[in-house]
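Got your viewer open? Let's take a short walk through this one, one selection at a time.

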Amino acid sequence: MPGAIFAEGLVKTFGDVRALDGVDLDVPEGTVLGLLGPNGAGKTTAVRVLTTLIKPDRGSAVVAGIDVLKHPDAVRRVIGLSGQFAAVDEYLTGRENLRMVGQLYQMSSRAARVRADELLERFHLGDAADRMAKTYSGGMRRRLDLAAALVVSPPVMFMDEPTTGLDPRNRQQLWEVIQELVAGGTTLLLTTQYLEEADHLAHDIAVVDHGRVIARGTSDQLKARTGGERVEVVVHAPEHIAVADEVLRGFGKGETKIEEHTRKVTVPVSGGAKLLAEVIRELDTRGIEIDDIALRRPTLDDVFISLTGHAAETTEDETGGGEREGEREGEEEQEREQEPERKGTAS
Amino acid sequence: MSTVSDAAAKAVPPGAPGAFGLVGRSVRDSLVVAKRNLIRMLRIPEVVIFGLIQPIMFVVLFSYVFGGSIAVGGSTDPSTYRQFLMAGIFAQTVTFATAGAGAGIADDMHKGLIDRFRSLPMARGAVLTGRTLADLVQTALTLVVLAVVAVIVGWRTHAGIPKAIAGFALLLLLGYAFSWIGALIGLSVRTPEAATSGGLIWLFPLTFISNAFVPSDNMPTVLRHIAEWNPFSATVQAARRLFGNLPDGYPVPAAWPMQHPVWASLIWSLVIIVVFRSLSVRKYRSATG
């Protein structure tokens with residue numbers, strides 16, 4: 001029995017670019033799949049195929065048990081789509097936008113009105129409901145867009161980089177909404193460039209690069225494949241480096257790495273926070289003064305470097321797909337530059 | 001944020017036929033989109049206002065600048081020309097709906113909203129039909145204002161109210177037909193700016209190689225034939241006849257559309273609608289596929 005979202009061998013080319021190069025997906029009902037990948041990996045193209053916006057050159061897809069290629073209109077009744085570029089009419093108010101979408105989902109105008117009011121309340125847009133959407137902030141627009149995708153409470157949702165370009169507070173808010181949805185039984189396919197986001201929201205992660213799924217699994221599995229966690233110690237005095245190195249070698253499961261000029265010693269470990277406490281005790285026992293100690297987890301960059309041999313940040317030849325997507329991914333890149341995502345020290 | 005659990009309950013069952021039949025759905029969706037476009041027009045009134053200024057200038061300029069120099073039906077009386085001219089200006093005005101529809105649709109196609117529309121279970125042609133219907137409303141408003149200005153400068157109808165209304169109906173039908181040409185242009189170009197200029201350029205030869213501003217019988221033979229078979233001329237001629245604005249002694253050309261302008265106008269407009277609507281809807285469907 002295939003999942004709520006099922007795709008097999010999806011291929012889509014735009015000119016010379018193979019945006020999708022044989023993608024298989026299977027998302028069990030009520031779960032979240034995070035499609036993780038850099039700009040131009042084919043994430044958006046995959047979402048566009050599954051939401052009936054474009055036809056694949058090859059392959060098949062089934063959403064909520066309905067064949068996407070044979071019955072696109074039936075698929076449209078059971079899906080919600082929310083993208084990175086808020087798909088709302090700027091000159092309509094929030095309320096007018098939601099009513100229009102409700103009516104186009106074939107609700108009666110009364111039902112659409114009631115539903116719009118409910119959603120405005122739920123997404124904290126009540127005060128701005130009668131203002132034109134062009135006066136909204138980025139976060140408000142994104143919430144309105146998500147509300148529009150939820151007008152019929154679709155059992156299957158697609159979100160294309162829902163938090164790209166949002167500030168941390170808005171991102172957090174959106175995450176909460178998404179978690180609520182999933183708790184309510186919605187099946188969700190989410191694309192993101194942030195490992196942290198996939199980690200936080202998704203049950204399973206599929207890593208995409210150059211139109212292919214290059215790895216899949218839970219976030220723990222993926223991190224394990226990238227070499228997992230490591231402990232980093234910065235000692236206070238240079239003469240303590242050798243001792244620290246000896247201590248870390250005892251706890252680590254691989255070679256230590258020493259950076260003399262920063263007095264930093266690093267070792268791959270497994271065992272998490274508990275192990276970190278033991279390391280600290282041991283260093284303390286030996287009388288070594290430390291400036292900093294941290295347990296580092298792999299970032300998206302680490303995942304990518306280990307899986308593909310190139311960093312996620314590089315955009316070299318990754319043009320995405322087609323003019324439209326090329327255009328979009330360009331904008332995406334600007335946003336990334338303005339807001340570099342770095343994973344903080346976990347301790 | 002409490003009502004998440006209604007998810008399954010409110011979902012429309014897969015494959016269920018819309019609450020309205022297919023035609024009903026198409027009409028309803030088109031009206032929903034038309035309403036959206038009309039709201040936008042109210043919020044950006046500049047577009048409507050500029051759309052009014054140009055035809056009003058044409059009425060005034062042609063009436064007073066050319067009025068005394070153009071002979072119609074053997075008369076150089078400026079007021080005769082004014083009677084003759086108005087149907088031409090009206091017809092030219094309704095064709096400008098082309099540019100509006102084209103720019104509006106080109107603009108929509110480059111925004112995220114079109115993805116929303118395309119992912120909704122709505123009638124496929126509704127985005128375009130809604131736009132052309134909204135343009136029809138705008139064109140009708142423009143015509144009303146223009147008719148008032150025309151009356152002020154001395155234009156009158158002489159064939160009774162019902163025929164005058166029929167004349168305006170034919171003009172609006174032509175405008176509606178042309179907005180479908182605009183829709184196809186809007187879907188075929190890359191930017192809204194291109195749709196605006198692309199929607200306007202061809203209107204100048206179309207409206208000038210016609211009987212709109214001067215009688216066609218003084219044109220070189222080739223142009224005269226084009227003018228006589230021009231769909232635009234048919235509507236101008238039909239409106240003139242229905243308004244009673246053809247001066248005594250005006251020689252009606254022998255070409256069939258000029259002899260039967262009302263029929264010719266109806267046929268032309270309907271053919272344009274059928275052809276360009278089909279082409280546009282097909283283009284829309286495959287636009288990003």
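Start by clicking on B:Ala169: it counts as partly exposed because 13 other C-beta atoms lie within 10 Å of its own, and a buried residue would need 20 or more. Bear in mind that you're looking at a predicted model.

Now widen the selection to the helix around B:Ala169, which is H8 of chain B, residues 161-188. Next, pick B:Ala140 and check the distance: its C-alpha sits 9.4 Å from that of B:Ala169, though 29 residues separate the two along the chain.

Show H7(B) alongside H8(B). The axes of this pair are 9 Å apart, and the packing angle is about 140°. That makes H7(B) and H8(B) oblique to each other, and the crossing is right-handed. To see the contact itself, select residues on both sides, including B:Leu136, B:Thr139, B:Ala140 and B:Leu143 from H7(B) and B:Leu172, B:Gly175, B:Tyr176 and B:Trp180 from H8(B). What kinds of residues make up the contact of H7(B) with H8(B)? Colour them by type and you get 10 nonpolar, four polar and two charged.

Last stop: H2 of chain B, residues 22-43. Its 22 residues span 32 Å from first C-alpha to last, close to the 32 Å expected. Which residues of H2(B) are buried? Among them are B:Arg28, B:Asp29, B:Val32, B:Val33, B:Arg36 and B:Met41. Turn on the neighbours and you'll find that the cover over these buried residues includes H3 (94-104) of chain A, plus H3 (45-66), H5 (97-109) and H7 (126-152) of chain B.

Note on methods. Residues numbered from 1 in each chain as written. Chains lettered and ligands numbered in written order. Predicted model: local features only at pLDDT ≥ 70, side-chain atom pairs only at ≥ 80, totals over all residues. Helix = DSSP H or I, 4+ residues; strand = E, 2+ residues; numbered from the N terminus. Expected span 1.5 Å × (residues − 1). Buried ≥ 20, exposed ≤ 12 C-beta atoms within 10 Å, placed from the backbone. Contact = placed C-beta atoms within 7 Å. Axes fitted to C-alpha atoms, helices over the stretch in contact; angles between N-to-C directions. Parallel < 35°, antiparallel > 145°, perpendicular 65-115°, else oblique. Left-handed = near helix turned anticlockwise from the far one by under 90°. Nonpolar A, V, L, I, M, F, W, Y, C, P; charged D, E, K, R; others polar.
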